[in-house]
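Please examine the structure below with one matter in mind: how helices are arranged against one another. The explanation that follows takes a single helix as its point of reference.

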Amino acid sequence: MKKNILTSAVMLALVFITAGCGTARKMEVNNVIYLIGDGMGLGAVSALILSEDSETGFEKDPVVGLCETSSANNYVTDSPAGGTALATGTRTNNGYVGVDPEGRQLTSIMRKAQEMGKKTGIVVNTTLTEATPAAFYAGVTNRNKTYDIARQFTESGVDVAVGAGLDHFINRPDSLDLTATLIEKGYDVYLSWEKVLDTDSEKFVGILPLADVHRSKSDNETAGAAEGQEVCLAAQLAASAEDADATHLSEPTVYLEKAAAKALDVLSRNKDGFFLMIESAIIDGYGHNNDTEGLIEEMQEFDRTLRQLVAYINEHPNTLLVVTADHETGGTGVNYTGYEAGKPRLIFSTRGHTGTLVPVFAYGAGAEAFAGIMKNTDIPERIEELIR
């Protein structure tokens, strides 16, 4: 075996045994980092741990729990309902984003953090209008209402956001240029990775080509992410800048960790703290495709971000990190095989989602509140209790 995971098992057992004993000192939580792996079940985490010789970020997290992920109308949730539960503490119907089963707008934990005076951020390796990030700022009864979601994003009040999906902001049926709307609201809007990395702005939105935010096995899968950008105000402003001819920099394999680091640098300047939601969305896709190699590689990228966040908390102990998933995808398990291959061989029972419990990992201030078995709706409620 490449590594002995007995220590991790013992730690997990100790967490469950001691979680309720009341001996841990409650630390003040000033900052919250909410890291969500879309489709990331125990099989995906197992695949990562068994693939690595060194300690992963998951093993550095001292508190471990399990989360039940049902939606309001199904034992098996989809991403809209799963994200809504994690964002708002309320279960809704599959397909709904940020609203309850009756279609009424819900208030997310990010909105509540804003009301407390905290700066907020969203970093995703998918479009900013995708279901999980949208659940933190929008409300629609159909996840496909991406033009409505993009408009609601301009009203979100988020301080820092980085992701993809420019089409939803500019190539619209209503002909609106939402980059202009954002600029009017005081945002700096960037359409290139270089600009995001270089900015010193404390209020900005990076809407990048999809090829910059996650790798793809096929170039045509990322086509169209920036089509029509020449007509929007953000592009016109960029074209008039002195360095408009800068060499394009695309590094999707390190995008998430670098974008997260940039958001942390900006949000950390606020004395009243921050709330940052980070989503790694492509784990789900490799689960749907039953792709062992892609899933392990994506988990390795996720783990680099996680280890970076653990290091940040070691320097900022009043920060809480919660890591979980909206659901499990693929019915993923580790298949019977030898060690000669160097990596585990995965087995999948479906190309869809499952209702299997997903892991919860916590680190930093208040982490002890996330041990044990919980519902997806419990997580934002516990975060809110800690940051009141």
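A polar contact is a pair of N or O atoms within 3.5 Å, in which, within protein, one atom must be able to donate a hydrogen and the other to accept it. The model shown here is predicted, and such a contact is found at the start of helix α15. Asp 291 caps the N-terminal end of this helix, with a side-chain oxygen 3.2 Å from the backbone nitrogen of Glu 293.

Helix α15 itself comprises residues 292–315. Its 24 residues reach 35 Å from the first C-alpha to the last, which is close to the 34 Å expected at 1.5 Å a residue.

Two other helices may now be placed against α15. Helix α13, residues 252–267, packs with α15 at an angle of about 25°, and the two axes are 8 Å apart. Angles under 35 degrees count as roughly parallel, and α13 and α15 are therefore roughly parallel to each other. Their crossing is right-handed. On the side of α13, the contact includes Pro 252, Val 254, Ala 260 and Leu 264, while α15 contributes, among others, Arg 304, Leu 309 and Tyr 312. By character, the residues of this contact are eight nonpolar, three polar and three charged.

Helix α2, residues 42–51, is arranged in another way: its axis comes within 9 Å of that of α15, and the two cross at roughly 80°. Because angles of 65 to 115 degrees count as roughly perpendicular, α2 is roughly perpendicular to α15. Here Ala 44, Val 45, Ala 47, Leu 48 and Ser 51 of α2 meet Leu 295, Ile 296, Met 299, Gln 300 and Asp 303 of α15. Seven of the residues in this contact are nonpolar, two are polar and one is charged.

Conventions: Residues numbered from 1 in each chain as written. Predicted model: local features only at pLDDT ≥ 70, side-chain atom pairs only at ≥ 80, totals over all residues. Heavy atoms only, no water. Axes fitted to C-alpha atoms, helices over the stretch in contact; angles between N-to-C directions. Helix = DSSP H or I, 4+ residues; strand = E, 2+ residues; numbered from the N terminus. Parallel < 35°, antiparallel > 145°, perpendicular 65-115°, else oblique. Left-handed = near helix turned anticlockwise from the far one by under 90°. Contact = heavy atoms within 4.5 Å. Nonpolar A, V, L, I, M, F, W, Y, C, P; charged D, E, K, R; others polar. Expected span 1.5 Å × (residues − 1).
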